[in-house]
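This report describes one protein chain, beginning with its overall fold and then turning to selected residues. The structure under discussion is shown below.

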Amino acid sequence: MPNLLRQETTSVICALRILFQMLNDADHADVASEVEVKLLELAGSCLQYFVEIPSEAHRDSWTMLMLMLLTKTLLLDNEKFCHHITTYYVHLCQMITLDLKLEIRTLLQKIYIRIGTEFHITQ
């Protein structure tokens, strides 16, 4: 059986990029709610899958995807960020227990700091 990890992550990255672009594009405002539903489903599934990957090598192959997903989430406006983070939160908490690359840990830190600010947990 061929190793299809590269194709797997490349296709998911492409789909996520398209959905994030459509979500933030005024030309697609008429379908923004449908796009957001699809994006929440796909991103939530990606995060859940990532935390359940048993192999460190397989998880490493998902690093670029996670970096892109977390970065794009941080770039969302406040309303969209809060909406997305309520879906992602449990998976992000589960990621803390994993042995993650520094880049992912840094993005998680930024997300948790923003969560504290947006949900008035911190001052």
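## Overall fold

From the N terminus on, the elements of this predicted model follow the order α-α-α-α-α-α. The protein chain thus holds six helices and zero strands. Its radius of gyration is 15 Å, close to the 14 Å that the globule rule gives for 123 residues, so the chain is as compact as a globular protein of that length. Along the principal axes, the C-alpha trace spans about 45 × 35 × 20 Å.

Of the 123 residues in the protein chain, 41% are buried. Among contacts between residues at least 6 apart in sequence, 68% join residues at least 24 apart.

## Surface and charge

The protein chain exposes about 7500 Å², and carbon and sulfur atoms supply 58% of that area. The chain carries 10 positive and 15 negative charges, and the mean positions of the two sets are 7 Å apart.

## His84 and Leu39: a contact between helices H5 and H2

His84 belongs to helix H5, which comprises residues 78–95. With a relative accessible area of 0%, which is under the 20% limit, His84 is classed as buried. Its side chain nevertheless has a polar partner: a polar contact of 2.9 Å links the side chains of His84 and Glu36. Leaving aside neighbours within four places in sequence, the residues in contact with His84 are Leu23, Glu36, Leu39, Leu40 and Leu76.

Leu39, one of these contacts of His84, is located in helix H2. Leu39 is likewise buried, its relative accessible area being 0%. When neighbours within four places in sequence are left aside, Leu39 is in contact with Leu16, Leu19, Phe20, Leu23, Gly44, His84 and Tyr88. Leu23 appears in the contact list of His84 and also in that of Leu39. For Leu39 and Phe20, a separation of 19 residues in sequence corresponds to a C-alpha to C-alpha distance of 7.3 Å.

## His91: a second histidine of helix H5

His91 is also part of helix H5. Its relative accessibility is 14%, and His91 therefore counts as buried. Beyond its neighbours within four places in sequence, His91 is in contact with Gly44, Leu47, Gln48 and Val51. Gly44 is listed among the contacts of Leu39 as well.

## Asn78: a partly exposed residue of helix H5

Asn78 is another residue found in helix H5. A relative accessible area of 44% places Asn78 in the partly exposed class, because that class lies between the 20% and 50% limits. Not counting residues up to four places away in sequence, Asn78 touches Arg114 and Glu118. The side chains of Asn78 and Arg114 are joined by a polar contact of 3.0 Å.

Asn78 and Leu98 are 20 residues apart along the chain, and their C-alpha atoms are separated by 28 Å.

## His58: a buried histidine of helix H3

Helix H3, covering residues 56–61, contains His58. At 17% relative accessibility, His58 counts as buried. Apart from residues up to four places away in sequence, His58 touches Leu5, Glu8, Tyr49 and Ile53. With Tyr49 there is a side-chain polar contact, at 3.3 Å.

The C-alpha atoms of His58 and Ala32 are separated by 33 Å, the two residues being 26 residues apart along the chain.

## Exposed residues: Ser33 and His120

Ser33 is located in helix H2, which covers residues 32–52. Ser33 is exposed, with a relative accessible area of 54%. Its C-alpha atom is separated by 8.3 Å from that of Leu23, which lies 10 residues away along the chain.

His120 occurs in the segment after helix H6 (102–118). A relative accessible area of 70% makes His120 exposed. The backbone of His120 has phi near 55°, a positive value in a residue other than glycine.

Technical notes: Residues numbered from 1 in each chain as written. Predicted model: local features only at pLDDT ≥ 70, side-chain atom pairs only at ≥ 80, totals over all residues. Heavy atoms only, no water. Helix = DSSP H or I, 4+ residues; strand = E, 2+ residues; numbered from the N terminus. Buried < 20%, exposed > 50% of the residue type's maximum accessible area, 1.4 Å probe, protein only. Polar contact = N/O pair within 3.5 Å; in protein donor to acceptor, adjacent residues only side chain to side chain. Contact = heavy atoms within 4.5 Å. Rg over C-alpha atoms; globule rule 2.2 N^0.38 Å. Areas by Shrake-Rupley, 256 points an atom, 1.4 Å probe, with all protein chains shown as cover. Lys, Arg positive; Asp, Glu negative; His and termini not counted. Charge placed at Lys NZ, Arg CZ, Asp CG, Glu CD.
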